[in-house]
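Please read these notes with the model open beside you, and look up each residue or strand as it comes up.

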Amino acid sequence: MAAESPLESLQNEAACPICRELFKDPVVIDCGHSFCRVCITQCWEGSDTNFTCPQCRETVQQRNFRLNRQLANVLEIARRLSAQAAKGAGGKGLCREHQEPLNLFCQEDQAPICVVCDRSRAHRAHTVVPTEEAAQVYKEKVQAYLETLREEREKLLGFKVIGEGKTWEYLDFRKTVSGCEAGKFQQPVEISPELEKRLSDFSQENIVLMATLRKFKDTLLSEPETGAHRQVTVTLDPDTAHPQLALSEDRRHVRWGHARQDLPDNPERFDTELCVLGYEGFTLGRHCWEMEVGDGERWAVGVARESVRRKGWISHNPEGGIWAVQRWGRQFQALTFPETPLPLSRVPRRIRVSLDCEWGQVAFFDADNEAPIFTFPPASFTGQRIRPWFWVWTGSRLRQCC
């Protein structure tokens, strides 16, 4: 049997135990195991108590998990590096300057380079390794961070025990103090030197880790080679439209209507949110389209996964499978979580949506002056069909530009 490549090993080590894909929005639960937030949420859906870890089967009493931002950043770097190695192997990922495959990785500059760059004066004295070897390094970083999470959990449990002991010592000490009113007794409990040192070391480790990750993010997560985006015509899918949305006969224009239409409640239709999807879907390539938003003050445009929830209330953000920008009155926002305010210099009347399926990138531009509006961090669209997504409320309408 052929030996497992570093990239394959990296994907196995950094895979969610439930979906077996690279972690997306990773969270850790009380037993110390990590999962995609969506995966563990769906796994525990319908349970009110006695939540069980899908990996170790340990039972936890509360539906409690927290986001691992550092792990998410490291995994995003690993995902980028894996994608870059795959592109280089296929002759598609090319150096901007020399048009050669980016098969090497510069340790000093923390960036993929080609063989010509390697021989240039800029990189001659630098340490350069094959891209797959760099991927192996990131595999080890992921493993080390997962181990750090397990150790962190043990530390926190230890701090809890120490804290509970200090609380009882504090209460006993207060009982011995005579003549002091409870409201005036404000001296904090003295933290033992050992605990203070452990807290200081723990904080310092986090500072170093965050600084390192910030450096990696600034260097490796640079803009990908975009190339040309294919201009497409978007038609709206009437089977997905909320009953209060009115579509034009040519299915290129949608507006909010007061009356709720008598339409079949098919599985594809949004029944609560005022949304509609484009009929077209994309799994490969780079595509863009323009929507005329006019003077409407309640709208949102973007893209959504084919699997986006259609029934009930949904999250208008990447966690809910949607990447979009929104106008809400005088406010413009990117629908992240929480929303990101967009201080635009002018009110756009036409929005260009740019989708790069390969890099998992969604960007928005003012189509009249080419000014960038917002670009979402890269996501994983592998194997996913992505469709145009629109949300329209009172007084607003959207129209596909010619």
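The points below go from the whole chain to its sheets, a loop glycine, a buried strand and a cavity.

1. Before anything else, please keep in mind that this is a predicted model. The protein chain holds six helices and 22 strands, and of its 402 residues 41% are buried. Among the contacts with a separation of 6 or more, 62% join residues that are 24 or more positions apart.

2. A useful place to begin is the sheet of three strands, which is open, has antiparallel pairing and follows the order E7-E6-E8. Its edge strands are E7, covering 111-113, and E8, covering 128-130, and each of them pairs on one side only. Averaged over the sheet and with direction ignored, neighbouring strands are turned by 40 degrees against each other. Strand E6, residues 104-106, is joined to E8 by three bridges in the antiparallel sense, and within this pairing Phe 105 has Val 129 of E8 as its bridge partner. As general background, the strands of a sheet pair through backbone hydrogen bonds, and the pairing can be parallel or antiparallel.

3. Another open sheet is built from six strands, which are arranged in the order E12-E21-E14-E15-E16-E17 with antiparallel pairing. Why do E12 and E17 each have one side without a neighbour in the sheet? Strand E12 (275-277) and strand E17 (340-341) stand at the edges and have a single partner strand each, so one side of each is left without a neighbour in the sheet. Elsewhere in the order, E14 and E15 run antiparallel and are joined by seven bridges, with Val 301 standing opposite Val 325 in E15.

4. The loop between strand E14 (298-305) and strand E15 (322-328) contains Gly 321, and this residue deserves a careful look. Is Gly 321 buried or exposed? Its relative accessibility is 6%, and because buried means under 20%, Gly 321 counts as buried. Leaving aside residues up to four places away in sequence, Gly 321 touches Val 303, Ala 304, Arg 305 and Val 308. For one of these, Val 303, the separation from Gly 321 is 18 residues in sequence, while the C-alpha to C-alpha distance is 8.4 Å.

5. Strand E18, residues 350-356, has six of its seven residues buried, so it is largely enclosed by the rest of the structure. Seven bridges connect E18 to strand E13 (residues 286-292), and the two run antiparallel; in this pairing Trp 289 has Val 353 of E18 as its bridge partner. E18 also runs antiparallel to strand E19 (residues 361-366), to which six bridges join it, and there the bridge partner of Asp 356 is Gln 361 in E19. The hairpin of E18 and E19 has four residues between the strands, and in this hairpin Gly 360 takes a positive phi near 65 degrees.

6. Finally, how many cavities of 30 Å³ or more does the structure hold? The structure holds one, and about 40 Å³ of space lies in the largest cavity. Its lining includes Trp 299, Val 325, Phe 332 and Ile 351, and the elements that give two or more residues to this lining are E15 and strand E16 (331-334). Sorted by character, the lining residues are eight nonpolar and two polar, with no charged residue. Val 325, named above as standing opposite Val 301, is thus worth finding again in the lining of this cavity.

Key. Residues are numbered from 1 along each chain as its sequence is written. This is a predicted model: local features need pLDDT of at least 70, side-chain atom pairs count only at pLDDT 80 or more; totals for chains, interfaces and linings use all residues. Side-chain values use heavy atoms; hydrogens and water are left out. Two strands pair if DSSP finds at least two bridges between them. Axes are lines fitted to C-alpha atoms, for helices over the stretch in contact, and angles run from 0 to 180 degrees between N-to-C directions. Buried means under 20% relative accessible area, exposed over 50%, partly exposed in between (1.4 Å probe, protein chains only). Contact means heavy atoms within 4.5 Å. On a 1 Å grid over the protein atoms alone, a cavity is a set of points where a 1.4 Å probe fits but cannot get out, and a pocket is an open set with protein on both sides within 12 Å along at least five of seven lines; lining residues have an atom within 4 Å of a point. Grid points are joined across faces, edges and corners, and a volume is the space filled by probe spheres set on the points. Ala, Val, Leu, Ile, Met, Phe, Trp, Tyr, Cys and Pro count as nonpolar, Asp, Glu, Lys and Arg as charged, and the others, Gly among them, as polar.
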